[in-house]
Amino acid sequence: ESARLSSLVNDLLDLSKLQSGTAPYCPAPFSITACIRQIIERCSRMTQTDGYHIDFICDCGEVMVYADPTRIEQVIYNLLGNAINYTGADKRILVRESFCANHTRVHIDVIDTGSGIAPENLTHIWDRYYKENKTHKRSAVGTGLGLSIVKQILEQHNAHYGVLSDESPQHHGSCFWFELNIYSDTQIPAP
């Protein structure tokens, strides 16, 4: 209980700083591809013993972005944690990296195989403490603030983001996605 409470307090402080604009924003060029691989590797070590499997598909090689690496790591961790909590009985998660049509942005998907999100609830999932009223086969771990934090970080980065979900019997699951501008040396402001 004390660990859960500590996590809740930290998430609340984080969200409060992000919403007030006082959270540090330290953009730098970094490889989003390497970042995703490292996070998946760390998460896989923790979840493989419970039968989870995280696949990574990257069809665009190594992609550099200009963003706050710590905050983008937090986005990826939160989206993966959400997928782990809500994926289906197969316990599979897919992370996919691809170029957007014009090759100026990279598109990241985090896809689970869970029961999906009702269309009328899709706009609420970014609200703090919101949980869709469904029973899950395993208890979800988290504070209920992860997606709110993701939203604030991505908005701080002027990133595109969203969720696609399907509750139909033949296609279950949710796909949380975001896009970041690909790095070019013209993006860094002069000192």
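Trainee: In which element of the chain is H107 found?

Mentor: In this predicted model, H107 is found in strand 5, which covers residues 105–112.

Trainee: Is H107 buried or exposed?

Mentor: A residue is called buried when its relative accessible area is under 20%, and H107, with a relative accessible area of 15%, is therefore buried. Leaving aside its neighbours within four places in sequence, H107 is in contact with R96, E97, S98, C100, W177, F178 and E179.

Trainee: With which side chain does the side chain of H107 make a polar contact?

Mentor: The partner is the side chain of E179, at 2.8 Å. E179 also takes part in a salt bridge, since the side chains of E179 and R105 meet at 2.8 Å, N to O. That pair links distant parts of the chain, with E179 in strand 7 and R105 in strand 5, 74 residues apart. Both E179 and R105 are buried.

Trainee: Which residues are in contact with V106, leaving aside its neighbours within four places in sequence?

Mentor: V106 also has its place in strand 5, and it is buried, with a relative accessible area of 0%. Its contacts beyond those neighbours are I32, V63, V65, E97, S98, C100, F178, E179, L180 and I182. As an illustration of separation in sequence set against separation in space, V106 and T33 are 73 residues apart in sequence and 9.8 Å apart from C-alpha to C-alpha.

Trainee: How should I read contacts of this kind for the chain as a whole, and what percentage of those between residues at least 6 apart in sequence join residues at least 24 apart?

Mentor: Among contacts between residues at least 6 apart in sequence, 74% join residues at least 24 apart. The chain itself has 4 helices and 7 strands, and from the N terminus on these elements run α-β-α-β-β-α-β-β-α-β-β. Buried residues make up 43% of the 191 residues in the chain.

Trainee: How many salt bridges does a search of the whole structure find?

Mentor: The search finds 5 salt bridges, and two further examples show how the positions of the partners can be read. R45 forms a salt bridge with E41, the closest N and O atoms being 3.1 Å apart. These two residues are 4 residues apart in helix 2 (residues 32–47), so they are separated by about one helical turn. R45 counts as exposed at 55% relative accessibility, whereas E41 counts as partly exposed at 48%.

The other example is the salt bridge in which the side chains of R92 and D55 meet, at 2.8 Å from N to O. Because R92 lies in strand 4 (residues 92–99) and D55 in strand 2 (residues 53–58), the pair ties together parts that are 37 residues apart in sequence. R92 counts as partly exposed at 37% relative accessibility, and D55 is partly exposed as well, with a relative accessible area of 27%.

Trainee: Turning to the backbone, what is the value of phi near which K91 is found?

Mentor: The general idea is that most residues other than glycine have a negative phi. The phi of K91 is near 55°, a positive value in a residue other than glycine. K91 lies in the loop between helix 3 (69–86) and strand 4, and it is partly exposed, with a relative accessible area of 23%. H103 also has a positive phi, near 60°, and lies in the loop between strand 4 and strand 5. Just after helix 4, N158 takes a positive phi of about 55°.

Trainee: Which residues of helix 4 are buried?

Mentor: In helix 4, which spans residues 146–156, the buried residues are L147, S148, I149, V150, Q152, I153 and L154.

Trainee: How is empty space located, and which residues lie nearest the centre of the second largest pocket?

Mentor: Rolling a probe the size of a water molecule over the atoms shows where empty space is left. The second largest pocket has a volume of about 200 Å³. It is lined by 15 residues, of which Y66, H157, N158, L180 and N181 lie nearest its centre. The elements that give two or more residues to this lining are strand 3 (64–67) and strand 7 (174–181). By class, the lining has 7 nonpolar, 6 polar and 2 charged residues.

Notes:
Residues numbered from 1 in each chain as written. Predicted model: local features only at pLDDT ≥ 70, side-chain atom pairs only at ≥ 80, totals over all residues. Heavy atoms only, no water. Buried < 20%, exposed > 50% of the residue type's maximum accessible area, 1.4 Å probe, protein only. Polar contact = N/O pair within 3.5 Å; in protein donor to acceptor, adjacent residues only side chain to side chain. Contact = heavy atoms within 4.5 Å. 1 Å grid on protein atoms, 1.4 Å probe; cavity = no way out; pocket = protein on both sides within 12 Å on 5 of 7 lines; lining within 4 Å. Points joined across faces, edges and corners; volume = space filled by probe spheres on them. Nonpolar A, V, L, I, M, F, W, Y, C, P; charged D, E, K, R; others polar. Salt bridge = Lys/Arg side-chain N within 4 Å of Asp/Glu carboxyl O.
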